[in-house]
Amino acid sequence: MSKQCDKCGKEMPDGSVAYEVRIQVYADFDGVLPQVETAEELEARLHELVAAMDRADPDELMRGVFHEERHLLCPGCRERYLANPLNLPLPDTHP
Ligand SMILES: [Zn+2]
């Protein structure tokens with residue numbers, strides 16, 4: 001039995017060091033709701049919302065507020081991941 005790095009595909013024998021990366025992405029709620037002026041507006045908005053939810057796939061709705069994934073990484077890929085978890089553009093070292 002062995003495990004495999006999800007990023008580079010390297011085979012890692014059982015008992016070797018591997019790292020599990022758990023990525024959990026939650027919708028951030030800042031407490032601000034779009035302004036609704038009147039009761040009619042509120043009702044219209046709720047109707048819209050319910051209609052939209054009716055058409056939507058519940059799994060997809062859930063994905064919009066919460067997403068989780070898990071990956072197994074070898075030590076090298078762990079280093080590379082932690083060096084730039086947001087995959088930001090790297091500064092140009094060769095101007
Ligand atoms: Zn790897």
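The expected span of a helix is 1.5 Å times one less than its number of residues. Helix H1 is a good place to try that rule out: running from residue 39 to residue 55, H1 has 17 residues, and its first and last C-alpha atoms lie 24 Å apart, close to the 24 Å expected. This helix, like everything described here, belongs to a predicted model, so its confidence scores come next.

The mean pLDDT of the chain is 88, with 98% of the residues at 70 or more. Helix by helix, the picture varies: helix H3 (residues 75–83) has the highest confidence in the chain, at a mean of 96, while helix H2 (residues 58–65) has the lowest, at 80. Where pLDDT is low, predicted coordinates should not be read in detail.

Now for the overall layout. The chain holds four strands and three helices, and their order along the sequence is β-β-β-α-α-β-α. What radius of gyration does the chain have, next to that of a compact globule of 95 residues? The chain comes out at 22 Å, whereas such a globule would be near 12 Å. The C-alpha trace spans about 65 × 45 × 20 Å along its principal axes. Burial is scarce too, with buried residues making up 4% of the 95 in the chain. Even so, among contacts with a separation of 6 or more, 68% join residues that are 24 or more positions apart.

Some of the pairing in the chain involves strands S3 and S4. Strand S3 covers residues 19–26 and strand S4 covers residues 66–73. The two run antiparallel to each other and pair over eight bridges. At one spot in this pairing, Tyr26 stands opposite Phe66 of S4. Another residue of S4 is Glu69. The C-alpha atom of Glu69 is 5.8 Å from that of Arg22, although 47 residues separate the two along the chain. Is Glu69 buried or exposed? Glu69 counts as exposed because it has 10 C-beta neighbours inside 10 Å, and the cut-off for exposed is 12 or fewer. As for S3, zero of its eight residues are buried, so the strand lies largely in the open.

Back to helix H1, which tells a similar story about burial: zero of its 17 residues are buried, so H1 also lies largely in the open. Ala51 is one of the residues in this helix. Ala51 is exposed, because 10 other C-beta atoms lie within 10 Å. How far apart are the C-alpha atoms of Ala51 and Pro89? They are separated by 40 Å, with the two positions 38 residues apart along the chain.

Leading into H1 is the loop from S3, and Pro34 sits in that loop. With 6 C-beta neighbours inside 10 Å, Pro34 counts as exposed. The C-alpha atom of Pro34 is 13 Å from that of Leu49, and the two residues are 15 apart along the chain.

Finally, there is the segment after H3, where Asn87 has its place. What stands out in the backbone of Asn87 is its phi angle: this is near 55°, a positive value in a residue other than glycine. Asn87 is exposed as well, because 7 other C-beta atoms lie within 10 Å.

Key: Residues are numbered from 1 along each chain as its sequence is written. This is a predicted model: local features need pLDDT of at least 70, side-chain atom pairs count only at pLDDT 80 or more; totals for chains, interfaces and linings use all residues. The radius of gyration is taken over C-alpha atoms; the globule rule is 2.2 Å times the number of residues to the power 0.38. A residue is buried if 20 or more other C-beta atoms lie within 10 Å of its own, exposed if 12 or fewer, and partly exposed in between; C-beta atoms are placed from the backbone. Two residues are in contact if their C-beta atoms, placed from the backbone, lie within 7 Å. Two strands pair if DSSP finds at least two bridges between them. pLDDT is the predictor's confidence in each residue, from 0 to 100.
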